[in-house]
Amino acid sequence: MKNTFRYILRYSIDPAFNANERIDELVRFCQDAKIEEVMFQIMPEELSTGYPTDKELEQWLELAIRTQEALDDAGIDMSVQPWCTTYHNFRGRHLRPGQDFRRLVGENGTEHPIAVCPLSANWQEYLSRYFALFAEALQPNVIWIEDDFRLHNHDIHLTGWGGCFCEEHLKLFSKRIGQTVTREELIEKLLAKGTPHPWRDEWFNLNWETMKTPAEKIAAAVKKLSPHTRLALMTSNPDQHSIEGRKWNELADILRNEQSFIIRPHLYPYTEEAAIHNPPMVARHTIATIERPLEIHPELECGPRCGLYSKSSRFIGWQCFYSALFGSDGITINCLDLLGNGTLYFPELSQQLREQKQQLNALKAIGIDDRNSIGVNVLFHPDIARTMDGNDSATLGALINPTAIWPQTLSILGISWRMAMDIDDIPAGQPVAVGGQTLRAFSDEAISMLLSMPLLLDALSVEILLERGFGSLIGINDATWQLLDDTAYSYETVEETDASVYGIPHPRMTAQRAAGRMLEMSLGDKTETITTIRKADGKMCWPGMVTYRNEQ
């Protein structure tokens, strides 16, 4: 139904561990919790022996058919999630006999024991056949592509942050630039300090083609055997996907089958933490990045997946509510383990889901679209990694922009915010917040337009504006980074006349516990100091927060 906030239970049954009892129990649980769909996981996590063999796939397909029949009889939909694509982490698993897949080679030159290079033709054929097998037999409405369909987060301690630097990738890249390149030379150029080397754009273009090609083959294989089946995508942080050169809208068009694009954006925390520190900033960032009709079902995960020992039912309920409040169509629930223990150890979950369903449906009926939200505009750019200063780092992880700085800060302060990708679309007079190296992705003309708006800047943004000659428009003459260990700054104090918080005149905040370095700014004549940074003895170090009204 259109106005139903859809519960999708991400669930696994072990074929060799009380499978019949688990199927019956699953149906009862879904009915009690008002769950509309079960996302049936194939050989997930602890039950994964590696890439499934044909014999294993037959066993899991037979179980999936029996589960689907039971759910159909109860009026409950079943979608499918093949757990491994590129494969997540090693965990002692290896390729099996006959699985002649080229493996991923990390930025440090290590060949991953099981994660594959997505350009491996044998793997592409295998994965397409895997998806097609379940599409043909089950004819599901949806098959989910899990979020490890990416180039990063494959055992960082083994291979480095991300990317594949196998011989085939280096060969293709060398052909693009017209000269033979080693892995070491390539990484040095990718991460060089200052203006990005031209090789970075070419490398990110190759990264995008690396993921685009298998996506096209999976989509074609599924469409051929089950034309109505839609492919949904699980995602992680857009700032990380930026290093893959991901073109979100092209990927959406490949997978969405001419309908709205189904996504499962990242939603943390996986283990219960203070709600005030966990706004849904990555999910909202993802939604704002995609300029296509969307169906949004954020992940509601427990880590480790042991029910109430990771999260209370009340916290799970809170995550459902705030997902509805940024326009989600439902939520994917992964709070039960993947070992086949069933649902009995978390009885509170079904009650929580059942009792809040009416309110969630009412929120869904309002028709909220987060892309129409109002508040402070947090500027971002989906291709930010192409423009960042690599600072001669040793790892591609240095190209992850901290876009989430302002959303987290504003949320803690109770200030409404929205993600803004296009300066031209920001309504006149609305404030804009910029953090990290975001401004490197925008032209001087765009920045000039930005500086005519109410603007919140962090220290990195100030540094970039000074580099690009905009200091006079922000009231800063010069600036230098100062380290805590060198200068012993201690706290920040509010200097405004009659400043008072909770009745405390000129209140203080810790500085030494907030940052290991701070930007010492030399101010213009008309720049107003709001706070100052001071040493333990009260001696002033430099201005902290300042304001300036320019002529634009």
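**Exercise 1. Count the salt bridges, then work out what the one between arginine 6 and aspartate 77 connects.**

Start with the whole structure, keeping in mind that this is a predicted model. A search through it turns up 34 salt bridges.

Now zoom in on the pair. The side chains of arginine 6 and aspartate 77 come together at 2.6 Å, N to O. That passes the test, because a salt bridge asks for a side-chain nitrogen of Lys or Arg within 4 Å of a carboxyl oxygen of Asp or Glu.

Next, place the two ends. Arginine 6 sits in strand E1 (residues 6–11) and aspartate 77 in strand E3 (residues 77–82), so the bridge links distant parts of the chain, 71 residues apart.

Last, check the cover on the acid. Aspartate 77 has a relative accessible area of 31%, so it goes down as partly exposed.

**Exercise 2. Find which parts of the chain are tied together by the salt bridge between arginine 292 and aspartate 253.**

First the distance: these two side chains meet at 2.9 Å, N to O. Then the addresses: arginine 292 is in the loop between helix H10 (281–289) and strand E9 (294–296), while aspartate 253 belongs to helix H9 (residues 248–255). The pair therefore ties together parts that are 39 residues apart in sequence.

How accessible are the partners? Arginine 292 comes out at 24% relative accessible area, which is partly exposed. Aspartate 253, at 35%, is partly exposed as well.

**Exercise 3. Do the same for arginine 440 and glutamate 467, then list the members of the salt-bridge network that includes Arg10.**

The arginine 440 and glutamate 467 side chains form a salt bridge at 3.2 Å, N to O. Arginine 440 is in the loop between strand E14 (432–434) and helix H14 (444–450), and glutamate 467 is in helix H15 (residues 459–467). That makes it another link between distant parts of the chain, 27 residues apart.

For the network, follow the shared partners. They join Arg10, Glu45, Arg91, Asp147, Arg264, Glu299, Glu301 and Arg305 into one group.

**Exercise 4. Describe two surface patches, one negative and one nonpolar.**

Take the negative one: Glu291, Asp422, Asp424, Asp425 and Glu445 make it up. Pick aspartate 424 as a sample member. You'll find aspartate 424 in the loop between strand E13 (417–420) and E14. Its relative accessibility is 57%, and it counts as exposed because the cut-off is over 50%.

The nonpolar patch covers about 370 Å² and is made by Val501, Tyr502 and Ile504. Valine 501 falls in strand E18 (residues 500–501), and at 40% relative accessible area it is partly exposed.

**Exercise 5. Decide whether serine 310 and tryptophan 123 are buried or exposed, and name their contacts beyond four places in sequence.**

Begin with serine 310, in the loop between strand E10 (299–301) and helix H11 (313–325). A relative accessible area of 5% makes serine 310 buried, since buried means under 20%. Its contacts are Tyr270, Thr271, Glu272, Cys302, Gly303 and Pro304.

Move on to tryptophan 123, in helix H3 (residues 121–138). At 0% relative accessible area, tryptophan 123 is buried. Its contacts are Tyr51, Thr85, Thr86, Phe101, Val116, Cys117, Pro118, Phe149 and Pro214.

One extra step: gauge how far tryptophan 123 is from threonine 487. The two are 364 residues apart along the chain, and their C-alpha atoms are separated by 55 Å.

Technical notes. Residues numbered from 1 in each chain as written. Predicted model: local features only at pLDDT ≥ 70, side-chain atom pairs only at ≥ 80, totals over all residues. Heavy atoms only, no water. Helix = DSSP H or I, 4+ residues; strand = E, 2+ residues; numbered from the N terminus. Buried < 20%, exposed > 50% of the residue type's maximum accessible area, 1.4 Å probe, protein only. Patch = residues over 30% accessible without salt bridge, like charges linked within 9 Å, V, L, I, M, F, W, Y side chains within 5 Å. Areas by Shrake-Rupley, 256 points an atom, 1.4 Å probe, with all protein chains shown as cover. Lys, Arg positive; Asp, Glu negative; His and termini not counted. Charge placed at Lys NZ, Arg CZ, Asp CG, Glu CD. Contact = heavy atoms within 4.5 Å.
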